[in-house]
Number of protein chains: 2
Amino acid sequence: MQKEHNLSKNQKIIFDLIDKSGGPMKAYSILFNVQKKGIKAPLQVYRALDKLVEIGKIHKIESRNAFIACQNSSCQVSKATAFSICESCENVSEISNSKLSKYLSNFSDSSGMKYSKYNLEFFGLCKKCKSK
Amino acid sequence: MQKEHNLSKNQKIIFDLIDKSGGPMKAYSILFNVQKKGIKAPLQVYRALDKLVEIGKIHKIESRNAFIACQNSSCQVSKATAFSICESCENVSEISNSKLSKYLSNFSDSSGMKYSKYNLEFFGLCKKCKSK
DNA sequence: TAACAGTATGTAATAATATAACATTTATAA
DNA sequence: TTATAAATGTTATATTATTACATACTGTTA
């Protein structure tokens, strides 16, 4: 059973915007879009983003400085994430592949490090862009 | 046989600095360190960094906005990278694990995407920090 | 060697991304 | 209800990265 996180007002406004956009959004683009709802300052956006990332409702696409709604219903926290990114159209999807996530979650090497989290970004051309 | 890239003056200065540091360095920290060598502007640093990344001499740690010298002698381009990052001491190492790289380089799914590149970042606690 | 193309450099200005500091308010739970 | 944590509002500023434009160097090849 997934813990219900009651989003605060700003968190809800920002999550809904990202979720509805269907793709990654950048912080200042979010800011621009929510100004009519009373959110005026970058920090208000970043605070909501931080919290949403923390509880796994969104993920940060590190290579793009952008945020995307979690597309994996079972994802409670952002501790094991994988994305595919089209370098042509910049389309981003979250990869839900249990073999991949199992492989990476169980990965360990001789470094003595205890891994508790990973983020993987694949780059390439999506179906559409490939055929252009 | 690895192609010899003759680094330009700025590229060499900046690569040597990062390489000698033994860890990840941020762009403006690099800038500060090379000002005595005549490199005065951010753009000079970023241009060298871009080129060094392109030819695989350094990699960008996306989650940290930092750059690290390639620790894998066979790495000619930054197209298949994996790092382990200690969230306590911020130590970063490049992971050279042929099983892992084989697994990821051959990864494909039903999305129709053709993957040509990936970057993986593992997070956790290193040996030292674990035992504190 | 002259002309060309490609790469690299120098410099100033500015854009884009993110956080610090401080005051106040709202929600949660003991 | 009172204490605590979480969230908000606001201003200022720090950090990361790029645009635009002028100049110089390097390696080809005619």
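Chain B and chain A share 12 residue pairs in polar contact, counting pairs with both residues at pLDDT 80 or more. A polar contact is a pair of N or O atoms within 3.5 Å; within protein, one must be able to donate a hydrogen and the other to accept it, and residues adjacent in sequence count only if both atoms are side-chain atoms. The model is predicted: local features need pLDDT of at least 70, side-chain atom pairs count only at pLDDT 80 or more, and totals for chains, interfaces and linings use all residues. Residues are numbered from 1 along each chain as its sequence is written, chains are lettered from A and ligands numbered from 1 in the order in which they are written, and side-chain values use heavy atoms, with hydrogens and water left out.

**Interface between chains B and A**

- On the chain B side, two or more residues each come from strand E4 (80–86), helix H4 (98–105), strand E6 (114–125) and helix H5 (127–130). Helices (H or I, at least four residues) and strands (E, at least two) are DSSP runs, numbered from the N terminus.
- E6(B) supplies the largest share of that side, 12 residues.
- By class, the side of chain B that touches chain A has 15 nonpolar, eight polar and nine charged residues. Here Ala, Val, Leu, Ile, Met, Phe, Trp, Tyr, Cys and Pro count as nonpolar, Asp, Glu, Lys and Arg as charged, and the others, Gly among them, as polar.
- Contact (heavy atoms within 4.5 Å) joins 32 residues of chain B to 32 residues of chain A.
- About 2800 Å² is buried between the two chains, and carbon and sulfur atoms give 62% of it. B:Tyr103, B:Met113 and B:Phe122 lose the most area in chain B, together 20% of what that side buries. Buried area is the accessible area (1.4 Å probe) that two parts lose on being put together, summed over both.

**Strand pairing across the interface**

- Strand E6 (residues 114–125) of chain A pairs with E6(B) in the antiparallel sense, over 11 bridges. Two strands pair if DSSP finds at least two bridges between them.
- Within this pairing, A:Asn119 has B:Glu121 as its bridge partner in E6(B).

**Salt bridges**

- Side chains of opposite charge can pair when their charged atoms come close. A salt bridge is a side-chain nitrogen of Lys or Arg within 4 Å of a carboxyl oxygen of Asp or Glu.
- The whole structure has eight salt bridges over all chains. Between chain B and chain A the count is two.
- B:Glu87 forms a salt bridge with A:Lys117, with the closest N and O atoms 3.2 Å apart.
- A:Glu54 forms a salt bridge with A:Lys51, at 3.8 Å between the closest N and O atoms. These two residues are about one helical turn apart because they sit three residues apart in helix H3 of chain A.

**DNA strand D**

- Strand D is surrounded by 16 residues, the closest being A:Gln44, A:Arg47, B:Lys26, B:Leu43 and B:Lys60. Sugar and phosphate make up 47% of the strand D atoms that come within 4 Å of the protein. A residue is near a molecule or strand if one of its heavy atoms lies within 4 Å of it.
- A polar side-chain atom of B:Lys26 lies 2.2 Å from a phosphate oxygen of strand D.
- Side-chain N or O atoms also approach strand D phosphate oxygens from A:Ser8, at 2.8 Å, and from A:Lys40, at 3.5 Å.
- Helix H1 (9–21) and helix H3 (42–54) of chain A, with helix H3 (42–54) of chain B, each supply at least two residues of the surface near strand D. H3(A) gives the largest share, four residues.
- That surface has five nonpolar, five polar and six charged residues.

**DNA strand C**

- Strand C is surrounded by 16 residues, the closest being A:Lys26, A:Leu43, A:Lys60, B:Gln44 and B:Arg47. Sugar and phosphate account for 47% of the strand C atoms that come within 4 Å of the protein.
- A side-chain N or O atom of B:Gln44 is 2.4 Å from a phosphate oxygen of strand C. For the side chain of A:Lys60 the distance is 2.7 Å.
- B:Asn10 uses a backbone N or O atom, 3.0 Å from a phosphate oxygen of strand C.
- H3(B) gives the most to the surface near strand C, with four residues.

**Chain A fold**

- Chain A has five helices and six strands. Along the sequence, the pattern is α-β-α-α-β-β-β-β-α-β-α.
- Its C-alpha atoms fill a box of roughly 50 × 40 × 30 Å, taken along the principal axes.
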